[in-house]
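Here is a set of short exercises, each with a worked solution. Keep the viewer open and try each task before reading on.

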Amino acid sequence: MASTPDQPSILLVEDDQMDIMNVQRELRKHNVDVPLHIARNGREALNMLRGEGGQEAIPKPSVVMLDLNMPRMNGLELLSTLRSDPEFVGLNVFITTTSDLETDRLKAQDLAVSGYIIKPLSFDSFGEGGTTVDGFSLFLDLLRLKE
């Protein structure tokens, strides 16, 4: 499904194919049917957002789901770049990571993330392991995607 500028969409920045499939499955399970753009690292995501590096620019996503540990440009580097760019400073970014390191959480909080989700991602398990049901409700409210 192609997205238009006013239509909600998600940019998933993730290098692990199993995690990508997991996100797709969870979104389907919760009837969240919006365009899902996938970038394999921070550099590719920036190219997609800005229309650089031979990539066509995607419409600004409603939410970015961002893995921390990736090659080329990791999640915190991308987040820092987005927060310093006037066009993308206000993007709603949710960190998805296997890391539960306090230093990663603090860096993400300093960069104004909307939420921090420990993988494996399962929207059913919100409320366990440091992620709250309110966090997922906020995620859906931000997107206004729930049908």
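Throughout these exercises, contact means heavy atoms within 4.5 Å. The model is predicted, so local features need pLDDT of at least 70, side-chain atom pairs count only at pLDDT 80 or more, and totals for chains, interfaces and linings use all residues. Residues are numbered from 1 along each chain as its sequence is written, and side-chain values use heavy atoms, with hydrogens and water left out.

**Exercise 1. The overall layout**

Task: Work out the order of helices and strands along the sequence.

Solution:
- Step 1. Assign the elements: helices (H or I, at least four residues) and strands (E, at least two) are DSSP runs, numbered from the N terminus.
- Step 2. Tally them, and you get five helices and five strands.
- Step 3. Read along the sequence to find the pattern β-α-β-α-β-α-β-α-β-α.
- Step 4. Turn to burial, where buried means under 20% relative accessible area, exposed over 50%, and partly exposed in between (1.4 Å probe, protein chains only). Of the 147 residues in the protein, 48% are buried.
- Step 5. Look at contact range: among contacts between residues at least 6 apart in sequence, 65% join residues at least 24 apart.

**Exercise 2. The nonpolar cores**

Task: Find which residues of the largest nonpolar core touch the most other members.

Solution:
- Step 1. Set the rule: a nonpolar core is a set of buried Ala, Val, Leu, Ile, Met, Phe, Trp, Tyr and Cys residues joined through side-chain atoms within 4.5 Å.
- Step 2. Rank the 24 members of the largest core; Leu11, Val13, Leu66, Leu78 and Ile95 touch the most others.
- Step 3. Map the core onto the fold: two or more residues come from each of β1 (10-13), α2 (42-50), β3 (63-67), α3 (75-83) and β4 (92-97).
- Step 4. Note a second, separate core of 11 residues, with Ile10, Ile20, Val23 and Met65 among them.
- Step 5. Zoom in on Leu66. Beyond four places in sequence, Leu66 touches Val13, Gly75, Leu78, Leu79, Val93, Phe94, Ile95 and Thr96.

**Exercise 3. An annotated aspartate**

Task: Decide whether Asp67 is buried or exposed, and list its contacts.

Solution:
- Step 1. Check the record: an unreviewed UniProt entry carries the annotation "modified residue: 4-aspartylphosphate" at Asp67. UniProt positions are given in the numbering used here, feature names are shortened, and annotations may be inferred rather than shown by experiment.
- Step 2. Place Asp67 in strand β3.
- Step 3. Apply the cut-off: Asp67 counts as buried because its relative accessibility is 3%.
- Step 4. Leave out neighbours within four places in sequence; Asp67 is then in contact with Val13, Glu14, Asp15, Gly75, Thr96, Thr97 and Lys119.

**Exercise 4. Three residues in two helices**

Task: Compare the surroundings of Asn47, Ala108 and Asp110.

Solution:
- Step 1. Start with Asn47 in helix α2. Asn47 is buried because its relative accessible area is 14%.
- Step 2. Outside its neighbours within four places in sequence, Asn47 is in contact with Glu52, Gly53 and Gln55.
- Step 3. Move to Ala108 in helix α4, which is buried with a relative accessible area of 0%.
- Step 4. With neighbours within four places in sequence set aside, Ala108 is in contact with Leu76, Leu79, Ile95, Val113 and Tyr116.
- Step 5. Finish with Asp110, in helix α4 (residues 102-110). Asp110 counts as exposed, as its relative accessibility is 68%.
- Step 6. Take a C-alpha distance: Asp110 and Ser80 are 30 residues apart in sequence and 9.5 Å apart in space.

**Exercise 5. Positive phi angles**

Task: Describe where Arg72 and Ala112 sit.

Solution:
- Step 1. Recall the background: most residues other than glycine have a negative phi, and most peptide bonds are trans.
- Step 2. For Arg72, phi is near 70°, a positive value. Arg72 belongs to the loop between β3 and α3 and counts as exposed at 67% relative accessibility.
- Step 3. For Ala112, phi is near 60°, also positive. Ala112 lies in the loop between α4 and β5 (115-118) and is partly exposed, with a relative accessible area of 46%.
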